[in-house]
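Here is an informal walk through one protein chain, from the overall picture down to a few individual residues. Have the sequence and the 3D view open while you read.

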Amino acid sequence: MNEQSQKLMVGPDEPISNQEAGFLGLQHVLAMDVYVPPVIIAGLLAMGLDAKAGLIQATFLAAGIGTILQTKFFMKMPVSQGPSFVPIGAIAGIYFASGAKDGGMATVIGASIVGSILLILLGVTGLFQKIINSLVPQVVGGTIITIVGLSLMPSALGDNIFKAQGNINENLLLAVVTVAILILCVSLGIYFPKLQKLFKVSSIIIALLGGTVLATMLGKFDWQSVNEASWFSLPSFTAFHYGVHFSMTAIMTFVIIYAVLMTETTGTWFAMSAVTDSPISKKQWNHGIIGEGISCLIAALLGGSPVTGYATNAGIISITGVASKKVFVSAGVWFIIFGFFNKLAAFLSAIPAPVIGGIFAIICSTIMLNGLNVIRTLHTQERDMYIIGIPIILCIAIIIMPQSLVKATPQMIQYLLESPISICALAAIILNLILPRDRQIAFN
């Protein structure tokens with residue numbers, strides 16, 4: 001048993017009560033910004049309120065069903081599904097190029113269905129595991145985990161705090177107070193072991209509630225949207241409402257998008273494997289990509305965007321020390337509840353971005369450090385310094401790259417630039433293949 005596994009209070013298959021699983025599952029859901037991508041998409045497509053609500057509902061339902069399928073039946077690891085930011089630009093482009101309100105969503109759904117089926121075929125044929133085994137050794141896997149955490153940091157700090165709506169000083173105050181509450185809870189759990197379940201395990205939800213109370217005092221929590229939301233609704237803006245249309249151009253675009261998403265979710269699985277000290281078997285790789293494809297297929301039929309593995313949850317496990325699969329199944333159930341009960345979903349959506357951002361930043365750092373820990377345990381060669389270092393440089397370069405330069409590139413390149421994880425993972429894989437093996441060195 002390694003150092004990481006010793007830090008876990010509850011392992012993936014260890015027993016946990018239904019009450020604890022329900023509470024901790026809710027904590028995972030609250031710490032994930034799953035409502036953000038559908039809100040952005042709805043804004044870009046100029047959707048009406050009903051269609052926007054339908055898109056958010058589809059996202060919650062697909063994330064919940066996908067989480068349960070992956071955790072219990074396919075990947076069989078504590079994995080949570082959620083919408084990626086990567087397809088947003090492609091969805092908007094295909095939508096407007098295909099008639100907007102007159103068939104745009106039907107074309108998006110058709111392309112997403114084809115991409116989902118291709119993922120399923122990769123797993124059924126066993127090709128996915130063979131690709132991973134031949135191209136992603138441990139040094140590449142550790143680098144990808146590091147990049148996952150590093151690439152998410154700008155979203156946590158920039159989009160959720162510095163660029164978030166409202167006064168920047170108030171945003172900073174909300175983020176700092178939320179983080180301070182989190183650190184206090186973790187510290188109390190360390191100093192008083194008997195209180196670990198109260199403070200360390202529940203630290204994220206306590207911090208989120210504290211941040212929400214402060215946001216209410218500052219007038220930054222939108223209670224009106226919660227009050228106006230209906231209690232219950234059934235999905236209405238699905239593939240049966242929009243229809244399904246297949247366009248070769250849209251399909252090729254989504255094939256590229258799914259290739260990028262596949263790289264991202266691979267990084268998430270590596271991160272979860274490192275945090276839980278659970279090596280991924282050949283069978284799990286193939287079953288996992290089948291589960292990913294089915295999750296995305298469900299999302300498409302519900303009228304939502306693709307859902308993939310969320311790296312955020314690996315960071316949450318590092319903070320709480322609880323990696324129970326039962327907790328993740330519970331998170332899936334909560335997602336489904338949010339999908340049908342609009343008022344609960346509205347409450348989650350109303351939590352100010354800086355509150356989420358403060359927690360998110362800490363989570364990103366723990367993911368990045370888990371990747372570095374994987375690398376630290378290796379007997380590395382001189383070549384590995386470049387396999388690790390160059391992707392990190394690329395990640396920072398893509399993050400700070402001016403938007404004017406990004407928009408000047410071909411559309412296909414823009415999709416890749418929207419996912420630093422994919423470019424950096426490809427760079428690490430290529431460097432591992434082309435750099436000659438040399439003398440071993442030690443990382444201290």
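## A tour of the chain

Pro38 is a buried residue, with just 1% relative accessible area. Keep in mind that everything here comes from a predicted model. Pro38 sits in helix H3. Who are its partners from further along the chain? Setting aside neighbours within four places in sequence, Pro38 is in contact with Leu55, Ile56, Thr59 and Pro83. Take Leu55: 17 residues separate it from Pro38 in sequence, and the C-alpha atoms of the two are 6.1 Å apart in space.

**The whole chain.** Stepping back, how many helices and strands are there? The chain has 22 helices and four strands. Its radius of gyration is 21 Å, close to the 22 Å from the globule rule for 444 residues, so the chain is as compact as a globular protein of that length. If you box up the C-alpha atoms along the principal axes, you get roughly 60 × 55 × 45 Å.

Buried residues account for 57% of the 444 residues. As for the outside, the chain exposes about 18,800 Å², and 68% of that is supplied by carbon and sulfur atoms. Contacts reach across the sequence too: of those between residues at least 6 apart, 87% join residues at least 24 apart. On the charge side, count 21 positive and 18 negative side chains, with the centres of the two sets 7 Å apart.

**Two residues with positive phi.** Most residues other than glycine have a negative phi. Now look at Ala46, where phi is near 55 degrees, a positive value in a residue other than glycine. You'll find Ala46 in the loop between helix H3 (36-44) and helix H4 (49-73). Is Ala46 buried or exposed? Ala46 is exposed, at 54% relative accessible area.

Asp277 also has a positive phi, near 55 degrees, and is likewise a residue other than glycine. Asp277 belongs to the loop between helix H13 (248-276) and helix H14 (282-301). With 32% relative accessibility, Asp277 counts as partly exposed.

**Aromatic rings.** The structure holds 13 aromatic pairs. One of them is Trp334 with Phe338: the ring centres are 6.1 Å apart and the planes meet at 35 degrees, so this pair is tilted. Why are these two about one helical turn from each other? Because they are four residues apart in helix H16 (residues 325-340). Trp334 is partly exposed at 24% relative accessibility, whereas Phe338 is buried at 6%. The pair is also part of something wider, since ring pairs link Phe60, Trp334, Phe335 and Phe338 into a cluster.

Phe340 is in helix H16 as well. Phe340 is partly exposed, with a relative accessible area of 25%. Which residues does Phe340 touch, not counting those up to four places away in sequence? The list is Gln57, Leu61, Trp231, Phe232, Ser233, Leu234 and Pro235. For a sense of distance, the C-alpha atoms of Phe340 and Ala229 are separated by 12 Å, while the two residues are 111 apart along the chain.

**Two valines.** Val275 lies in helix H13, and Val275 is buried, with 1% relative accessible area. Val177 is in helix H9 (residues 168-191). Is Val177 buried or partly exposed? At 26% relative accessibility, Val177 counts as partly exposed.

**Distances side by side.** Here are the C-alpha separations for a few pairs, with how far apart the partners are along the chain.

| Pair | Apart in sequence | C-alpha to C-alpha |
|---|---|---|
| Pro38 and Leu55 | 17 residues | 6.1 Å |
| Phe340 and Ala229 | 111 residues | 12 Å |
| Val275 and Ile388 | 113 residues | 19 Å |
| Val177 and Ile144 | 33 residues | 31 Å |

Two rows are worth finding in the viewer. Val275 and Ile388 are 113 residues apart along the chain with 19 Å between their C-alpha atoms. Val177 and Ile144 are 33 residues apart in sequence, with 31 Å between their C-alpha atoms.

Note on methods: Residues are numbered from 1 along each chain as its sequence is written. This is a predicted model: local features need pLDDT of at least 70, side-chain atom pairs count only at pLDDT 80 or more; totals for chains, interfaces and linings use all residues. Side-chain values use heavy atoms; hydrogens and water are left out. The radius of gyration is taken over C-alpha atoms; the globule rule is 2.2 Å times the number of residues to the power 0.38. Buried means under 20% relative accessible area, exposed over 50%, partly exposed in between (1.4 Å probe, protein chains only). Contact means heavy atoms within 4.5 Å. Accessible areas come from the Shrake-Rupley method with a 1.4 Å probe; for residues, only the protein chains shown count as cover. Lys and Arg count as positive and Asp and Glu as negative; His and the chain ends are not counted. The place of a charge is taken as NZ of Lys, CZ of Arg, CG of Asp or CD of Glu. Rings of Phe, Tyr and Trp (its six-membered ring) pair if their centres lie within 6.5 Å; planes under 30 degrees apart count as stacked, over 60 as edge-to-face and the rest as tilted.
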